[in-house]
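Colleague: Could you take me closely through one strand of this model and what surrounds that strand? I would like the pairing to come before everything else, please.

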Amino acid sequence: MLVYHLPGTLETRETDLDLLWEAGATGLEERGGTIRAYFDARVTLPGEVSDGEWREEADQDWQAEFKRTLRPVRAGRVTIVPPWLREEVEPGQLPLVIEPGMAFGTGHHETTRLAVEALSGLNLAELGPNGTGARVLDVGTGSGVLAIAAVMLGARTALGLDIDPITIPIARENAEINGVQDRTMFVEGALGETEIYFNERGLVGYDVIVANLYAELHDLLVAEYAAHVVRGKPVILTGILTAKLPLVRAALEREGFTDVQETLEGEWALVTARA
Ligand code: SAM
């Protein structure tokens, strides 16, 4: 990568910037009192901007740099890893492979980790009808991480919903990478808009609802959670800033949820309750 270093800032050398563009610069930026002008090849520059210096610099592959910084994330019995770190999962931990990409949910956010930990603390293999595997609803599925984790932890099935259409194929691909595609389903939509979908399949309720959204949305959706979860079964809500906890507590109380418990991590909270 060929960079011409010119002393000054974009402001102090404003009148010289056009000369650099005209000379063939492909990009300009300012770092620490120096203007960096990117060129494909050395050129002869006009006198006004000849007080700089040409430097050949190593190309920076930002994607590779980002990938290098990713570490496995341990959450309860699950360790979330990108595909190239699969071998680093400790024995006894369940490896949940997520390809980092456009959808939220690589496990690096506190709220994802808190939610996987909460799922890990439930006996999902026996929380369904007559002690069978739980049917889990994941509202705001993103990468599908929570639905996939639920099935890996013993749930019979998990349905992931998301209003963002780009997440659906990503979540399906992640489910396939983890070999749980037959027990997960991902559908575009919001909870209140998918009644037809639920009714067509004769679904009357879920044994667990997990939702990593935000406090104001939980407040709006709590009645839907109550309508979709089997009486006595848990909801796991996160994406809640600790300052907004009173809003979620009040909403759960309003809909008759009991056994409300909170887990805090930094500025983030996770709330569990029973319908
Ligand atoms: N479940 C993943 C996790 O825990 O890492 C992703 C959570 S991400 C914070 C929230 C997701 O909820 C986003 O993918 C967003 O598109 C989706 N979302 C936002 N509002 C929604 C709604 N009303 N219904 C369903 N999904 C929604």
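Modeller: The bridge partner of I209 in β12 is V235, and β11 and β12 pair in the parallel sense over 4 bridges, where two strands count as paired if DSSP finds at least two bridges between them. This is a predicted model, in which local features need pLDDT of at least 70 and side-chain atom pairs count only at pLDDT 80 or more, while totals for chains, interfaces and linings use all residues. Residues are numbered from 1 along each chain as its sequence is written, and side-chain values use heavy atoms, with hydrogens and water left out.

Between these two strands the chain travels from β11 through helix α7 (residues 215-228) to β12, in a β-α-β crossover that is right-handed; that is, with the strands pointing away from the viewer, the path from the first strand over the helix to the second runs clockwise. The element names follow DSSP runs numbered from the N terminus, with helices (H or I) of at least four residues and strands (E) of at least two. β12 also pairs with strand β14 (residues 268-274), here in the antiparallel sense and over 6 bridges, and in β14 it is T272 that stands opposite I236.

Strand β12 (residues 234-241) is largely enclosed by the rest of the structure, because 7 of its 8 residues are buried. Buried means under 20% relative accessible area, exposed means over 50%, and partly exposed lies in between (1.4 Å probe, protein chains only). In the loop between α7 and β12 lies K233, a lysine that is itself buried, with a relative accessible area of 16%. Leaving aside its neighbours within four places in sequence, K233 is in contact (heavy atoms within 4.5 Å) with L127, G128, Y206, D207, A273, R274 and A275.

I236 leads on to the packing, since I236 is among the contacts of L119. Leaving aside neighbours within four places in sequence, L119 also touches L124, L146, A149, A150, L153, V208 and V210. L119 is one of the residues with the most contacts inside the largest nonpolar core, which has 36 residues, and L96, L124, V136 and V208 are the others named in that way. A nonpolar core is a set of buried Ala, Val, Leu, Ile, Met, Phe, Trp, Tyr and Cys residues joined through side-chain atoms within 4.5 Å. Two or more residues of this core come from each of β5 (73-75), β6 (78-81), α3 (110-120), α4 (145-152), α5 (167-177) and β11 (208-212), with α4 giving the most, 8 residues. Apart from this core lies another, of 27 residues, including L159, L213, L237 and L252. In soluble globular proteins, nonpolar side chains tend to be buried together.

N212, within β11 by its numbering, takes us to the ligand, as N212 is among those that come nearest of the 16 residues around the ligand, together with G105, T112, G140 and D162; near here means that a heavy atom of the residue lies within 4 Å. Three polar contacts, each a pair of N or O atoms within 3.5 Å, can be given for the ligand. A polar side-chain atom of D162 lies 2.6 Å from an oxygen atom of the ligand, a backbone N or O atom of G140 lies 2.8 Å from a nitrogen atom of the ligand, and a polar backbone atom of I163 is 3.4 Å from a ligand nitrogen atom.

Terms used:
A polar contact is a pair of N or O atoms within 3.5 Å; within protein, one must be able to donate a hydrogen and the other to accept it, and residues adjacent in sequence count only if both atoms are side-chain atoms.
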